[in-house]
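Student: Before we begin, could we go through the reasoning behind the terms, step by step, once the structure is in view?

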Amino acid sequence: MAHAFEIRDLHKSFGRLEVLKGIDFAVDPGQVVCVIGPSGSGKSTLLRCVNLLEQPTSGKVFLEGVELTDRDVDIDAARRRVGMVFQQFNLFPHMTVLQNVMISQRRVLKRSRAEAERIARENLEKVGVADKSDSYPIQLSGGQQQRVAIARALAMSPDLMLFDEPTSALDPELVGDVLTVMRKLAEEGMTMLVVTHEMAFARDVADRVVFMDGGVIVEDGSAAQVIGDPKHERTKTFLRRVL
Ligand code: ADP
Ligand code: MG
């Protein structure tokens with residue numbers, strides 16, 4: 001079976017700044033992988049390279065066995081299979097919650113209004129905000145908004161979900177609800193790549209933890225190995241600061 005995605009010798013520079021310095025990395029279907037590491041180590045850039053929101057400087061990216069870095073590939077079709085959730089929720093402020101979760105289904109997937117609404121309601125139910133369907137984003141807490149953003153991504157029926165510090169902008173008391181939704185998704189078998197500082201979540205939910213520093217992967221192993229028994233001094237130093 002093909003990897004859900006694979007990255008081979010990925011390099012990414014912004015001008016003279018080399019941010020990713022040769023990343024090799026693969027995730028199998030159903031795996032949950034957490035990426036940890038200090039600010040500026042290239043975690044977001046790595047995530048954005050997975051669906052080519054950033055164009056790699058060199059190296060290859062494969063999604064379900066198809067090379068995205070091949071010029072002939074239909075990138076938009078490939079991207080549709082990848083859901084992305086960011087630190088900032090980026091909901092459309094002038095649309096209701098329901099409309100936010102329907103819009104891309106209608107525009108991109110060309111689903112009928114009835115089908116898009118049914119799928120939107122299903123996913124809002126799943127993340128626990130069905131009762132907010134007719135509210136506007138500003139009327140919701142940050143945690144509710146982030147769960148709507150997750151529902152919006154799930155409504156596109158992705159094969160893979162990427163999360164970039166999904167709880168970092170939330171008040172501490174709202175973090176748990178979002179992590180609960182992510183935990184449920186993981187249990188249902190969703191393939192997930194999660195950049196996070198939530199070490200308890202990584203320890204409990206991740207099949208693998210990847211520690212990045214300075215644009216390279218320093219350690220890649222089970223949570224018990226990487227968080228519980230780190231081998232490298234850089235990992236130990238980082239963990240001492242966050243644990
Ligand atoms: P992390 O998510 O681990 O904090 P990032 O991937 O966001 O790290 O950033 C890694 C480095 O790349 C940082 O030094 C950042 O300033 C730089 N960087 C990220 N995106 C850009 C960009 N679009 N243009 C220039 N520099 C960037
Ligand atoms: Mg980042």
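The exchange below turns to a ligand and then to pockets.

Tutor: Please keep in mind throughout that this is a predicted model.

Student: What makes the pair formed by K43 and ligand 1 a polar contact?

Tutor: A polar side-chain atom of K43 lies 2.8 Å from an oxygen atom of ligand 1, and since the cut-off for a pair of N or O atoms is 3.5 Å, the pair counts as a polar contact. By that cut-off T45 also qualifies, because an N or O atom of its side chain is 2.6 Å from an oxygen atom of the ligand. For S41 a polar backbone atom is involved, at 3.2 Å from an oxygen atom of ligand 1.

Student: How much of ligand 1 does the protein bury?

Tutor: Taken alone, ligand 1 exposes 560 Å², and the protein buries 58% of that.

Student: Which element gives the most to the shell around ligand 1?

Tutor: That is α1, with three residues, while β2 (17-27) is also an element that supplies at least two.

Student: Why is K43 counted as charged in the shell around ligand 1?

Tutor: K43 is among the residues surrounding the ligand, and it is classed as charged because Lys belongs to that class; the shell as a whole has four nonpolar, six polar and one charged residues.

Student: What lines the largest pocket, by class?

Tutor: Its lining divides into 13 nonpolar, four polar and four charged residues, and the largest share, four residues, comes from β6. The space in this pocket is about 590 Å³, whereas the second largest pocket holds about 160 Å³.

Methods
Residues numbered from 1 in each chain as written. Chains lettered and ligands numbered in written order. Predicted model: local features only at pLDDT ≥ 70, side-chain atom pairs only at ≥ 80, totals over all residues. Heavy atoms only, no water. Near = heavy atom within 4 Å. Polar contact = N/O pair within 3.5 Å; in protein donor to acceptor, adjacent residues only side chain to side chain. Areas by Shrake-Rupley, 256 points an atom, 1.4 Å probe, with all protein chains shown as cover. 1 Å grid on protein atoms, 1.4 Å probe; cavity = no way out; pocket = protein on both sides within 12 Å on 5 of 7 lines; lining within 4 Å. Points joined across faces, edges and corners; volume = space filled by probe spheres on them.
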